Amino acid sequence: MTVHARRYDEKSYWEQRFEKESQFEWLGDYQVFRSILERYMQPTDKVLHLGCGTSRLGFDLLAHGFRQVANVDYCQSVVDRMTGRCRTFCDQLGLRWEPTLPTSEAPTNHPENDVQIHWLTADCMTMTSDPTLTALAPFDIVIDKTLTDTICCGDESEPDLGLRALAGQVGRMLKPGGRWIIISYSDDRPLETLPKQPGDCHWKVTRHRVLAPKEVTDRPMFTPDVYYHCHIAQKLASSE
Ligand SMILES: C[S@@+](CC[C@H](N)C(=O)[O-])C[C@H]1O[C@@H](n2cnc3c(N)ncnc32)[C@H](O)[C@@H]1O
């Protein structure tokens with residue numbers, strides 16, 4: 001029997017999925033990861049949220065005081081859908097938001113109710129050549145919830161090939177000292193030991209695990225606990 005595994009690393013898989021799926025939260029929402037997020041992120045941070053899908057995370061960051069968030073996905077339909085939802089969300093919270101594209105001249109200090117949130121269509125594997133995203137960089141925080149997992153699904157032919165390429169892209173979008181927060185199904189994201197290309201940065205990684213919410217683990221007795229993994233990768237200055 002031939003088993004056709006899902007190809008989470010293929011764009012066509014996501015495009016087809018989003019034709020039917022309007023909202024889905026992978027792993028868990030802001031509350032599930034709250035203690036870790038609030039330990040490593042400040043509301044004044046400029047945040048790049050990769051592989052946003054239809055997750056509420058971009059909205060939850062706004063609700064918790066973040067005012068500069070760029071949400072990125074390579075599926076245009078998702079970006080259009082989330083842009084529409086953002087209008088409603090900002091109106092409900094009384095936040096001023098204009099869905100204009102960022103420019104490098106955009107001021108960095110904004111009144112409290114003035115929101116710099118963007119929903120952008122881009123491929124994370126080539127984002128450093130996207131003029132809209134590079135105009136917004138550098139970021140204090142890059143966060144992804146299971147985007148890295150989908151990229152790593154393509155690493156069967158050569159271990160960590162996708163992770164290496166993604167790390168190169170993320171490193172170039174971050175400020176020195178900035179953090180890449182990877183929220184993942186996996187505890188195996190060996191950023192410190194990846195082979196480097198010229199210009200790649202070095203990472204100091206702190207790891208946490210989070211007990212999956214009850215509904216995930218509340219299966220028949222004697223089922224082991226399920227944990228999710230947060231890899232907090234700090235971009236080191238080149239001399240460190
Ligand atoms: C597993 S879903 C996670 C969605 C969301 N972060 C969540 O936690 O619910 C992966 C998302 O990453 C997007 N994605 C996968 N590869 C990508 C890439 N190379 N560039 C941009 N987005 C990508 C997919 O379209 C999908 O929305």
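Okay, so let's start with helix H7, residues 161-173, which lies across strand E1 (46-50), strand E4 (139-145), E5 and E7. Against E5, helix H7 runs at about 135°. Keep in mind that what we're looking at is a predicted model.

There's another helix to find on your screens. Helix H2, residues 30-40, lies across strand E5 (174-184), E6 and E7, and its angle to E6 is about 155°.

Now, the strands themselves. How are they ordered in the sheet? Reading across, you get E3-E2-E1-E4-E5-E7-E6. That's an open sheet of seven strands, and the pairing is mixed. At the edges you'll see strand E3 (116-121) and strand E6 (203-211). Each of those has a single partner strand, so one side of each has no neighbour in the sheet. On average, neighbouring strands here are turned by 15° against each other, if you ignore direction.

Let's zoom in on one of those edges. E6 is joined to strand E7, residues 227-235, by nine bridges, and the two run antiparallel. If you want a spot to click on, try histidine 208: opposite it, in E7, stands cysteine 230.

Last stop, the ligand. Which residues come nearest to it? Out of the 20 around the ligand, those are Trp26, Gly51, Gly53, Ser55 and Lys145. Two elements give two or more residues to this shell: strand E2 (68-73) and helix H6 (147-152). And as for the chemistry of the shell, eleven residues are nonpolar, five are polar and four are charged.

Notes:
Residues numbered from 1 in each chain as written. Predicted model: local features only at pLDDT ≥ 70, side-chain atom pairs only at ≥ 80, totals over all residues. Near = placed C-beta within 6 Å. Helix = DSSP H or I, 4+ residues; strand = E, 2+ residues; numbered from the N terminus. Nonpolar A, V, L, I, M, F, W, Y, C, P; charged D, E, K, R; others polar. Pairing = 2+ DSSP bridges. Axes fitted to C-alpha atoms, helices over the stretch in contact; angles between N-to-C directions. Contact = placed C-beta atoms within 7 Å.
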